Amino acid sequence: MRFAQVNDVASVATELAAGLRARGHTVDILRPRLYGAKLPPLLKLAVAPLRLIDWLRLAARLRRGRYDAVHIHYAYLGLVGVLAGVPYVLHCHGDDVRDLARRPWRGLIRLALRRAAHVYYSTPDLAPWCTAIRPDAEFLPNPVDTATFRPQPLPADARDVFIICALAPNKGAEKILAAARQLSARRPHLRITAIAGGELTRQFEALPTIVLLLHQPRERLPGLMARHRVLIGQVHEGAIGMVELEGMACGRPVIASFRFADVYGVEAPVVHAETPEAISAAVEQLLDDRALAEAVGAASRRWVEEHHDAARIAERVEAWHRARIDRRPGRGSVEA
């Protein structure tokens, strides 16, 4: 089949494309220009004409491409599929559907969700938002490149802690900041690495134990993760995202909030924490007990291989599209 992946969020489209190509399919990743992406929601309305022009460009590309499968990432970009007049699958990733009633684009987002041939969501916490509009929406685990994100030996000069999530409120950064302050007071020689970006960056920068890095290319993340003993991910929503999964695939213990064991049928081997006290206590325990840290890291790797391996997720996507094509009389040249 010929697939079009429109947009790439947290490298999900990249990993799906790799998995589908390995199964013999042709995949194009079409990238929107995302004018004004960093502007506040209301100011984004000012660049709406530029975005519409870009969407029309993408829609024309989809029509010309005569793809067998169109897979669009991020809810409002489903409008590209509407404009193209082709069936499409819409893949939701987080803030594109969370708290939808407050968003200025909510009417268009609802339209994009209703028009989709199928809807996926990438983390279990998004189920209420998606199924309120599309009861048939389906959780599709994020595909992880387990060959790139793999366990590596811990170097002799390994640093202590790496905060792998964005320093933003929706990741629980206030709690992580409070935990870092507690750790700084108790262990002044502790070394904590974080990546700048997010509303709380300046507060983290003020701590003497924090080393802030500039935004890192994704290909550097496996090496960075491998140089740290303990990783801290999101501690707010209860659903682990791509960066937490990649940290787990690297065989490092990840501290994070996880409340969706029922979706998987098994607990994720993250170290669950949602308060500053729990976060700081988990860091100290994992740093002091190397055997425990290694056991959690090994279990994490196995869990990601079982539930999030990119090849398995690509196989699920392929199976959905093949079933839809097989059900359709005549089998035209454009399919979602």
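Helix axes here are lines fitted to C-alpha atoms over the stretch in contact, with angles running from 0 to 180 degrees between N-to-C directions. With that settled, the predicted model can be read starting from its helix pairs. Helix α1 (residues 12-22) and α14 have axes that come within 8 Å and cross at roughly 80 degrees. Since 65 to 115 degrees counts as roughly perpendicular, α1 and α14 are therefore roughly perpendicular to each other. On the α1 side, the contact is built from Glu15, Leu16, Gly19 and Leu20, and α14 brings in Ala310, Ile313, Ala314, Val317 and Glu318. Sorted by class, the residues where α1 meets α14 come out as 6 nonpolar, 1 polar and 2 charged.

Helix α14 (residues 310-327) also has a sheet to deal with. That sheet is open, has 6 strands in the order β2-β1-β3-β4-β5-β6, and its pairing is parallel. At the edges sit β2 (26-30) and β6 (138-139), each of which pairs on one side only. Strand β5 (residues 118-121) pairs with β6 in the parallel sense over 2 bridges, and tyrosine 120 stands opposite glutamate 138 in β6. As for the helix, α14 packs on this sheet and touches β1 (2-6), β3 (69-73), β4 (89-92), β5 and β6. The direction of α14 makes about 170 degrees with that of β5.

A second helix pair involves α12 (residues 276-288) and α13 (residues 290-307), whose axes come within 5 Å and cross at roughly 105 degrees. That angle makes α12 roughly perpendicular to α13. Gln285, Leu286, Leu287 and Asp288 of α12 make this contact with Arg290, Leu292 and Ala293 of α13. By class, the α12 contact with α13 has 4 nonpolar, 1 polar and 2 charged residues.

That leaves the cysteines. How many disulfides does a search of the whole structure find? The search comes back with 0. Cysteine 165 shows why: its closest cysteine sulfur is in cysteine 250, and at 16 Å that is too far for a bond, given that a disulfide needs the two sulfur atoms within 2.5 Å. Seen from the other end, the sulfur of cysteine 250 has that of cysteine 165 as its closest cysteine sulfur, again at 16 Å and too far for a bond. Are these cysteines buried or exposed? Cysteine 165 counts as buried because its relative accessibility is 4%, below the 20% cut-off. Cysteine 250, at 1% relative accessibility, counts as buried too.

Notes:
Residues numbered from 1 in each chain as written. Predicted model: local features only at pLDDT ≥ 70, side-chain atom pairs only at ≥ 80, totals over all residues. Heavy atoms only, no water. Helix = DSSP H or I, 4+ residues; strand = E, 2+ residues; numbered from the N terminus. Parallel < 35°, antiparallel > 145°, perpendicular 65-115°, else oblique. Contact = heavy atoms within 4.5 Å. Nonpolar A, V, L, I, M, F, W, Y, C, P; charged D, E, K, R; others polar. Pairing = 2+ DSSP bridges. Buried < 20%, exposed > 50% of the residue type's maximum accessible area, 1.4 Å probe, protein only.
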